[in-house]
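Work through the exercises below with the structure open. Try each task before reading its solution.

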Amino acid sequence: MPDLYELRCRECGKSWGNSPCSFCEDCFSPLEVAYDYPALKKIVRRENLAARSFNMWRYSELLPLPEDYLGPNSVGGTPLVASRNLSRQWGLKNLYFKNDAVCFPSLSFKDRVVATALSAARRFGFETVGCSSTGNLANAVAAQAAQQGFDACVLIPADLEPAKILNTAVYGARIVRINGNYDHVNRLCAQIVDRFHWGLVNVNLRPYYSEGSKTHGFEIAEQLGWRLPDNVVVPMAGGSLITKIAKAFRELVTLGWVEPKPVRFFGAQATGCSPISDGVKRNLARFEPQKPSTIARSLAIGNPADGPYAIKLIRESGGWAEDVSDREIVAAVKLLAATEGIFTETAGGVTLGVTKKLLDLGRISRDETTVVCITGNGLKTTDAFTAEFPVTDAIAPNLDAFEALLDQQLKPVGHAAAAPTANQVTPNQVTTVKA
Amino acid sequence: MHVIIEIPTAFRRFTDGAPRIDCSAATIADALNELTTRFPNLSRHVRDDQGQIRQFLNIYLNEEDIRFLGGESCAVKEGDRVLLVPSIAGG
């Protein structure tokens with residue numbers, strides 16, 4: 001069967017078949033994968049999915065994969081968590097977290113995009129793959145390259161979080177640290193693919209790579225019972241994910257798998273790197289690139305490739321974009337962990353912090369269904385939170401010392417404490433006994 | 001000032017295959033004008049109908065995006081390198 005997809009220019013519409021290239025050689029605009037939807041409608045039905053495992057490959061026909069490609073990993077299939085506590089605290093009826101902090105194998109949504117990119121790398125005969133990365137992508141490329149037998153070379157800004165460097169190095173990938181920010185790294189990568197026969201997943205394989213993000217959106221709709229939400233809040237770095245979730249929803253409507261419905265898209269950035277939210281808020285014709293300065297390094301892209309498309313989508317959907325300070329990011333990470341038991345990286349703090357801001361601004365209605373996209377795991381950015389949790393003094397291993405500690409340090413634990421059983425004492429009771 | 005414009009592979013069909021072009025220019029705008037004067041077929045790919053540099057074309061002076069240097073009016077020095085990057089990817 002011929003491919004039911006091909007690369008097409010997002011601006012001039014010219015078709016380019018399938019090849020490792022990310023831009024139109026006629027007008028130098030970005031390429032995107034376009035599908036033959038009438039043909040897809042005939043070969044795949046929603047009912048077919050019931051017999052498939054719950055991971056991103058259940059949507060294979062809607063991805064640019066070689067025929068009969070078997071995804072080697074159980075990537076995706078992450079939980080859509082119905083909020084129990086924040087929804088009550090904030091007065092929302094239906095608040096959900098799409099939790100890609102537990103995506104396999106490297107604990108971020110980048111596992112999805114790398115999975116589709118490496119299928120393209122195999123198809124086009126690359127032996128070496130790589131990327132420009134703010135961290136999560138490097139982890140995902142290194143892990144999946146190791147499993148699939150590719151050589152991996154990743155390029156990162158020199159000041160990346162140590163955990164993200166370690167989580168790449170452990171898989172045996174070659175790591176090249178660049179003295180510069182992500183945008184410098186990215187420019188260098190554009191030159192590298194011009195010189196070397198390498199498949200850089202987010203450069204010359206980018207059209208295939210970015211399609212993997214759609215599975216985040218497919219899963220949201222399926223986990224809501226094949227319904228679309230009213231609002232989606234999405235972190236933005238290069239601005240691709242938000243546009244691909246929108247594309248996923250459009251495709252589900254086109255295929256007749258969900259009822260058409262307006263969905264408002266909300267973008268989240270850190271104030272220290274907010275070219276897209278700035279573009280939305282100031283209604284700019286073109287966003288202005290920025291020099292990133294934020295603890296949310298996985299979102300620190302000052303020249304976002306999909307910035308223009310993200311701004312257009314947000315505006316046309318009736319959504320909005322906001323940004324939050326580093327202090328708000330840390331507070332939001334702690335809030336999500338303490339209320340919902342989800343430990344997200346700084347990018348997730350951006351998304352949650354912006355969600356609260358949007359609620360306070362009245363941009364999101366409390367009566368609607370809102371999905372907040374959590375895209376990475378807090379274990380990768382522990383450096384950002386270390387100061388919040390100083391190491392406490394150690395005590396002697398006896399009850400006297402323990403009770404003395406409770407007296408000195410512990411306040412009554414409020415919100416999360418379960419009722420004590422008959423044999424248990426609470427810190428208050430301990431204090432009472434001693435008094 | 002003598003500056004070198006580095007031409008990525010995809011652009012070389014508009015520059016008779018040349019990978020770099022030597023120019024004499026005082027600003028980035030001068031350099032681009034000389035480039036598009038010598039290779040007129042490249043002109044519509046560099047500027048849009050309003051004469052602005054195309055949205056998806058990124059131009060760097062040595063290692064810096066010219067938008068951080070004041071745009072195309074920024075001055076160039078002897079031996080500077082100008083790099084054209086179509087549709088920056090990443091993310």
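Helices (H or I, at least four residues) and strands (E, at least two) are DSSP runs, numbered from the N terminus. The model is predicted: local features need pLDDT of at least 70, side-chain atom pairs count only at pLDDT 80 or more, and totals for chains, interfaces and linings use all residues. Residues are numbered from 1 along each chain as its sequence is written, and chains are lettered from A and ligands numbered from 1 in the order in which they are written.

**Exercise 1. Describe helix α3 of chain A and its surroundings.**

Step 1. Take the length. α3(A) covers residues 110–123, 14 in number. Its first and last C-alpha atoms are 20 Å apart, close to the 20 Å expected at 1.5 Å a residue. The expected span is 1.5 Å times one less than the number of residues.

Step 2. Check burial. A residue is buried if 20 or more other C-beta atoms lie within 10 Å of its own, exposed if 12 or fewer, and partly exposed in between; C-beta atoms are placed from the backbone. In α3(A), 12 of the 14 residues are buried, so the helix is largely enclosed by the rest of the structure. Among them are A:R112, A:V113 and A:L118.

Step 3. Find the neighbours. Contact means that C-beta atoms, placed from the backbone, lie within 7 Å. The buried residues of α3(A) pack against β5 (128–132), α4 (136–148), β8 (199–200), α7 (206–211) and α8 of chain A.

Step 4. Look past the end. A:G125 follows α3(A), and its phi is positive, near 80°.

**Exercise 2. Lay out the four-stranded sheet of chain A.**

Step 1. Order the strands. Two strands pair if DSSP finds at least two bridges between them. The order is β7-β6-β5-β8, an open sheet with parallel pairing.

Step 2. Name the edges. β7 (174–178) and β8 of chain A each pair on one side only.

Step 3. Inspect one pair. Two bridges join the parallel strands β5(A) and β8(A). A:V129 has A:G199 as its bridge partner in β8(A).

Step 4. Add a helix. α4(A) lies across β5 and β6 (151–157) of chain A, at about 170° to β6(A). Such angles run from 0 to 180 degrees between N-to-C directions; axes are lines fitted to C-alpha atoms, for helices over the stretch in contact.

**Exercise 3. Do likewise for the six-stranded sheet of chain A.**

Step 1. The order is β3-β4-β12-β9-β10-β11, open and mixed. Its edges are β3 (80–82) and β11 (320–324) of chain A. Neighbouring strands are turned by 25° against each other on average, direction ignored.

Step 2. β9 (231–235) and β12 (369–374) of chain A run parallel, joined by three bridges. A:V232 is bridged to A:V371 in β12(A).

Step 3. Helix α8 (214–223) of chain A packs on this sheet, touching β3, β4 (94–99) and β12, with its direction at about 45° to that of β3(A). Helix α9 (240–254) of chain A lies across β9 and β10 (264–270), at about 150° to β9(A).

**Exercise 4. Is A:P260 buried or exposed?**

Step 1. Locate A:P260 in the loop between α9 and β10 of chain A.

Step 2. Count. A:P260 has 12 other C-beta atoms within 10 Å, so it is exposed.

**Exercise 5. How many residues of chain B are in contact with chain A?**

Step 1. On chain B, 19 residues contact 29 residues of chain A.

Step 2. β3 (57–61) and β5 (81–86) of chain B each supply at least two residues of that side.

Technical notes. Contact = placed C-beta atoms within 7 Å.
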